[in-house]
Amino acid sequence: MKSVGIYIHFPFCASKCNYCNFNSYSDKNDLQKSYLQALLKEINLYKDPKLIVDSVFIGGGTPSFMFDGCISTLMSELRKSFAIDSDAEVTIECNPNSVTLQKAREWKEAGINRVSIGLQTSNDNLLKLIGRVHTKKDYINAVGIIRDSGINNINTDCLIGLPRQKLTDVKHTLSLVTKLNCTHISVYSLIVEKETKISTMLEKGELKLPKEEKSLSMYEFACRYLRENGYIKYEVSNFAKRGFECVHNLHTWQMCEYLGFGAGAHGYYNNIRYSNYKDIESYINASSKKSFVEQKEKLTPTQKFEETIMLGLRTKFGIDLDEIKKNFKIDLLKTKHNTINNLMSNGFLSLVYNKLIPTELGFTVLNKIILELVS
Ligand code: SF4
């Protein structure tokens, strides 16, 4: 029977971080209540009590910054509208300074069983520099509160490649997170997006990014350190204790269908990729219409093929050549015979049970490998 994932977007934050270009706002918090009403209407449009949901990801923005009672109202609407599997992974994203015991208990009661905390770094000076409004101590407190509420499946997001960040900062951060026994750790490299405060600071010469080789050594250190501490790298930036890989992430990389609700949320359902109105006001105003979707497109076989390669190669599961042949009538071992042989003999790819899997070295040049396979 068909099952899907669900993504919910809450575009509200206490303040805007210096590197952030996500769809999030810190000056529209008076709209939180009307936003929730619009969200409930959107969910209702897709109501199908027979549709099995095996993962829910409540992201943002900062969902933990929403008013008390918001998440339980949302979850009860989801349960009325869909068949949420009893084993479904239900995640909420939070920032350390907006976690309270009251909220964490509300989440637990509402069926949330996984929390993803944005720490980024344990160095308070760096946190200030990148515009985060919490400290290392807030993070430690938040983990304690979440555990006290009875939720033990905890992810922590970390950033590397920050201006003024040293390898020792990465060591201290990962040492803290592993000592707190998080089940999952994401280590992302800072990407400087246009029109963010950090890009202006870099342009003005007020800050400098670490050299590429320094950032690479931070990443290599993180991979080694986390492996030694019992975390499996199952995707370029994601590490988990055995059995704690994020179902929501895996869905995305395996091109599974999901419904996206909320401002700017994307969904992929019945072979249609869609995105909702991005700004909060347009999204709320769409409540009076029959749709919140701003754009949609049907994926062509070529798009699907390219995305299957691109997303599959990001994971330790790689791409299944039999599946590619079955779904796209393409025999990659024939059409890309020389390319694959070269990538394997240079140590970038391995072939295991007819699956092409990037090696450790391959993970560091993934974009190049993907380009060679899809061009
Ligand atoms: S908390 Fe997250 S979404 Fe909000 S401003 Fe910071 S990086 Fe952006």
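By class, the shell around the ligand holds 5 nonpolar, 5 polar and 2 charged residues. Before going on: this is a predicted model. The shell itself consists of Cys13, Ser15, Lys16, Cys17, Tyr19, Cys20, Phe22, Ser24, Gly61, Thr62, Asn95 and Arg132. The charged members are Lys16 and Arg132.

Keep Thr62 and Asn95 in mind, since I move to empty space next. Rolling a probe the size of a water molecule over the atoms shows where empty space is left. Searching the whole structure turns up 3 cavities of 30 Å³ or more.

The largest cavity contains about 90 Å³ of space. Its lining has 13 residues, and the ones nearest the centre are Ala14, Thr62, Asn95, Asn97 and Val133. Thr62 and Asn95 are also among the residues around the ligand. By class, the lining of the largest cavity comes to 5 nonpolar, 7 polar and 1 charged.

What lines the second largest cavity? Cys158, Leu159, Ile160, Gln165, Val170, Thr173, Leu174 and Val187 do. The space in there is about 40 Å³. Two elements, β5 (154-160) and α6 (167-179), each give at least two residues to that lining. The division by class is 6 nonpolar, 2 polar and no charged.

Now the pockets; I will take the second largest one. It holds about 480 Å³ of space. Of the 20 residues in its lining, Gln254, Met255, Thr308, Glu323 and Asn327 lie nearest the centre. At least two lining residues come from each of α11 (301-312), β13 (319-320) and α12 (321-328). This lining splits into 9 nonpolar, 6 polar and 5 charged residues.

Last, one helix. Helix α1 covers residues 32-45, which is 14 residues. From first C-alpha to last it reaches 20 Å, close to the 20 Å expected at 1.5 Å a residue.

Which residues of α1 are buried? They are Gln32, Tyr35, Leu36, Ala38, Leu39, Leu40, Glu42 and Ile43. An α-helix has 3.6 residues a turn, so residues three or four places apart point the same way. Look at the buried set with that spacing in mind: Gln32, Tyr35, Leu36, Leu39, Leu40 and Ile43 are among its members. Glu42 is buried as well.

And what do the buried residues of α1 pack against? The partners are β1 (3-10), α2 (70-81), β9 (258-261), β11 (272-276) and α10 (280-285).

To recap the empty space: about 90 Å³ in the largest cavity, about 40 Å³ in the second largest cavity, and about 480 Å³ in the second largest pocket.

Conventions
Residues numbered from 1 in each chain as written. Predicted model: local features only at pLDDT ≥ 70, side-chain atom pairs only at ≥ 80, totals over all residues. Heavy atoms only, no water. Near = heavy atom within 4 Å. 1 Å grid on protein atoms, 1.4 Å probe; cavity = no way out; pocket = protein on both sides within 12 Å on 5 of 7 lines; lining within 4 Å. Points joined across faces, edges and corners; volume = space filled by probe spheres on them. Helix = DSSP H or I, 4+ residues; strand = E, 2+ residues; numbered from the N terminus. Expected span 1.5 Å × (residues − 1). Buried < 20%, exposed > 50% of the residue type's maximum accessible area, 1.4 Å probe, protein only. Contact = heavy atoms within 4.5 Å.
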